[in-house]
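Hi there,

Here is the structure I promised to pass on. Have a look at it first, and then read my notes below.

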Amino acid sequence: MTREEKSIAIEDLTAKLAGVNVIYLADTSGLDAETTSNLRRACFKAGIKLEVVKNTLLEKAMEASDTDFGDLPSVLKGNTSMMISDVASAPAKIIKEFRKKGKKPVLKGAYITEDVYIGDENLENLAAIKSRAEVIGEIIGLLQSPAQRVIAALQNQEGKEEGAE
């Protein structure tokens with residue numbers, strides 16, 4: 001790769017990192033062709049962009065980025081796949097699902113809305129993060145619950161009064 005090609009690749013990666021709130025870095029080395037294809041397909045269906053990246057180029061792109069990735073560049077060793085998503089827990093759930101059948105992919109680290117997670121031990125916690133839609137749904141459910149109880153109590157009271165007549 002020439003110096004100019006590297007420069008273009010770094011600019012391209014820097015552009016991909018711009019404005020992104022969810023980035024996972026995983027080790028996918030050793031996956032056979034079928035498993036890799038299945039992983040790519042699962043990521044595509046979940047709206048996750050999966051790309052194998054060169055560590056040095058990604059590190060330089062992170063340095064050039066306006067975003068502070070903290071210690072995330074420290075995990076850039078060996079084979080690295082970058083997963084970019086809009087939903088914080090989606091990549092973790094896919095990694096978890098694939099780990100039921102094997103030891104890979106292994107989570108190296110993640111960047112989620114200014115928070116950096118280093119190491120595979122964070123996989124369970126990351127998979128449990130609720131999406132914005134899930135949180136909104138829970139809030140709506142909590143807000144509706146007292147109103148539903150009041151309506152049910154009024155209906156029960158109305159039924160009792162009619163039975164007394």
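To start with one residue: does Asp120 count as buried, exposed or partly exposed, and at what relative accessibility? At 23% relative accessibility, Asp120 counts as partly exposed. Please keep in mind throughout that this is a predicted model.

Asp120 has a partner, too. Its side chain meets that of Arg99 in a salt bridge, with 2.7 Å from N to O. Arg99 sits in helix α4, while Asp120 is in the loop between β5 and α5 (123–127), so this pair ties together parts that are 21 residues apart in sequence. Like its partner, Arg99 is partly exposed, with a relative accessibility of 26%.

If salt bridges are new to you, here is the basic idea: side chains of opposite charge can pair when their charged atoms come close. The count in this model comes to 6 salt bridges, and two others are worth finding on your screen.

One of them is between Lys16 and Glu51, whose closest N and O atoms are 2.6 Å apart. Because Lys16 belongs to helix α1 (residues 3–17) and Glu51 to strand β2, this pair ties together parts that are 35 residues apart in sequence. Lys16 is partly exposed at 29% relative accessible area, and Glu51 is partly exposed at 25%.

Another salt bridge joins Asp27 and Lys104, with the closest N and O atoms 3.2 Å apart. Here distant parts of the chain are linked: Asp27 is in strand β1 (residues 22–27) and Lys104 is in the loop between α4 (90–99) and β4, 77 residues apart. Asp27 has a relative accessible area of 18%, so this residue falls under the 20% cut-off and counts as buried. Lys104, at 24%, is partly exposed.

Now for the sheet. Strands of a sheet pair through backbone hydrogen bonds, either parallel or antiparallel. In this model, an open sheet of 5 strands runs in the order β2-β3-β1-β4-β5, with antiparallel pairing. Its edge strands are β2 (49–53) and β5 (115–118), each of which pairs on one side only. On average, neighbouring strands of the sheet are turned by 20 degrees against each other, ignoring direction.

For a closer look at one end of the sheet, try β4 (residues 106–112) and β5: 4 bridges join these antiparallel strands. Among the bridge partners, Ile112 is matched with Asp115 in β5.

Happy exploring!

Key. Residues numbered from 1 in each chain as written. Predicted model: local features only at pLDDT ≥ 70, side-chain atom pairs only at ≥ 80, totals over all residues. Heavy atoms only, no water. Pairing = 2+ DSSP bridges. Helix = DSSP H or I, 4+ residues; strand = E, 2+ residues; numbered from the N terminus. Axes fitted to C-alpha atoms, helices over the stretch in contact; angles between N-to-C directions. Salt bridge = Lys/Arg side-chain N within 4 Å of Asp/Glu carboxyl O. Buried < 20%, exposed > 50% of the residue type's maximum accessible area, 1.4 Å probe, protein only.
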